[in-house]
Amino acid sequence: MDMKKRIHLELRNRTPSDVRELVLDNCRSVEGKIEGLTAEFVNLEFLSLINVGLMSVSNLPKLAKLKKLELSDNRISGGLDVLAEKLPNLTHLNLSGNKLKDISTLEPLKKLDNLKSLDLFNCEVTNLNDYRESVFKLLPQLTYLDGYDMEDREASDSDGEVDGDGVDDDEDEEGEEEEDEDGEEEDFDEEEDDEDEEEVEGEEDDDEVSGEDEEEDFAKDGEVDEEDDFDEDEDEAEAGKGEKRKREPEDEDDDDDDDDDEDDD
């Protein structure tokens, strides 16, 4: 993505004057120069142009409030006088991984009265004899060079920050709003999941109850069938007794007839 488009995306419907922090790392510069960045960014305090293929900072607009500038991993070999002209309040400058070879290329930085920290890691100039002593002598306003002061004491985290890292207050508010919205959505999703679980459990309970009802009905049906069978057996037994009772008088009559026949004889 080229630098102009990246700047447009980073604005996110804000005006340039609303932006305090602008990160354009890894986008493409045009012919090794800055493009699309204008003096309208009057409140910009932090600008990062890491690995964008810069060979020159000549197109840098005047940014009076800029305090921290990241230019590492580019191909800058000189022309640093522009920084002193356009960035009068710069306090932190990172030029690590560029093509700076001589101490003399750093001389324009003498005009940056507020410069406290300078990083030149992986630049050829760091290979020179008495490199650190020479830089501190050239730039007496410096407190830290490559993260350490003249006594080799490491810079504290607070010394590396610029007003909370130059983060835009609006961005913080937007981030908090987004987090709140995400939190509400997560809570809503959790409620839905709980409701779904309750419905599933309710269905399972209904299934268990219906199963128990079916077993009870089945048991009742079995008892009813047994009672019916028992009643039928009793009815058959009663019927048998009735037939016996009916047969008994008849048998007595037959016996009387037999006795009469014998008397006649």
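Start by selecting Arg6 and Glu10 in helix 1: the two sit 4 residues apart there, so about one helical turn separates them. Show their side chains and you'll find a salt bridge, with N to O at 3.2 Å. Keep in mind as you click around that this is a predicted model. Now colour the pair by burial. Arg6 is buried, with a relative accessible area of 18%, whereas Glu10 counts as partly exposed at 22%. The cut-off for buried is under 20%, so Arg6 and Glu10 fall on opposite sides of that line.

**Zoom out for a moment**

Switch to a cartoon view of the whole protein chain. How many helices and strands are there? You should be able to pick out 4 helices and 6 strands. Walking along the sequence, the pattern reads α-β-β-β-α-β-β-α-β-α. The chain has 265 residues, and buried ones make up 29% of them. If you turn on a surface, the accessible area comes to about 17400 Å², with 41% of that belonging to carbon and sulfur atoms. As for contacts between residues at least 6 apart in sequence, 55% join residues at least 24 apart.

**Next stop: the sheet**

Select the strands. All 6 form an open sheet, running in the order 1-2-3-4-5-6 with parallel pairing. At the edges are strand 1 (21–23) and strand 6 (144–145), each of which pairs on one side only. Go to the strand 6 edge and add strand 5, residues 117–119: strands 5 and 6 pair in the parallel sense over 2 bridges. Which residue of strand 6 does Leu118 stand opposite? Pick Leu145 and you have the partner.

**Turn to helix 3**

Stay with strands 5 and 6 on screen and add helix 3, residues 131–138. Here Tyr131, Val135, Phe136 and Leu138 are buried. Look down the helix axis: these buried residues fall within an arc of 165 degrees, so they line one face of the helix. Then spin to the other side, where Glu133 and Lys137 are exposed. What covers the buried residues? The cover includes strand 5 and strand 6, which is a good reason to have left the strands visible.

While you're here, select Arg132 and Asp152. Arg132 forms a salt bridge with Asp152, and the closest N and O atoms are 3.9 Å apart. Arg132 lies in helix 3 and Asp152 in the loop between strand 6 and helix 4 (169–264), so the pair ties together parts that are 20 residues apart in sequence. Arg132 counts as partly exposed, at 22% relative accessibility, and Asp152 as exposed, at 53%.

**Into the core**

Now hide the surface and look inside. The largest nonpolar core has 46 residues, and those with the most contacts inside it are Leu47, Leu93, Leu109, Leu118 and Leu120. The elements giving two or more residues to this core are helix 1 (3–11), helix 2 (81–86) and helix 3. Helix 3, where you've just been, gives the most, with 4 residues.

Centre on Leu109 and show what surrounds it. Leaving aside neighbours within four places in sequence, Leu109 is in contact with Leu80, Leu83, Leu93, Leu115, Leu118, Leu139 and Gln141. You've met Leu118 already, standing opposite Leu145.

**A loop residue: Ser96**

Move to Ser96, in the loop between strand 4 (92–94) and strand 5. Is Ser96 buried or exposed? Ser96 is buried, with a relative accessible area of 10%. Not counting residues up to four places away in sequence, Ser96 touches Leu71, Ser72, Asp73, Asp119, Leu120, Phe121 and Cys123. Leu120 is also one of the core residues with the most contacts.

**Last stop: Arg20 and Glu45**

The structure holds 4 salt bridges, and there's another one worth selecting. Glu45 forms a salt bridge with Arg20, the closest N and O atoms being 3.4 Å apart. The pair links distant parts of the chain, 25 residues apart: Glu45 is in the loop between strand 1 and strand 2 (46–48), and Arg20 is in the loop between helix 1 and strand 1. Colour by burial once more, and you'll see that both Glu45 and Arg20 are buried.

How values were computed:
Residues are numbered from 1 along each chain as its sequence is written. This is a predicted model: local features need pLDDT of at least 70, side-chain atom pairs count only at pLDDT 80 or more; totals for chains, interfaces and linings use all residues. Side-chain values use heavy atoms; hydrogens and water are left out. Two strands pair if DSSP finds at least two bridges between them. Buried means under 20% relative accessible area, exposed over 50%, partly exposed in between (1.4 Å probe, protein chains only). The arc is that of the directions from the helix axis to the C-beta atoms. Contact means heavy atoms within 4.5 Å. A nonpolar core is a set of buried Ala, Val, Leu, Ile, Met, Phe, Trp, Tyr and Cys residues joined through side-chain atoms within 4.5 Å. Accessible areas come from the Shrake-Rupley method with a 1.4 Å probe; for residues, only the protein chains shown count as cover.
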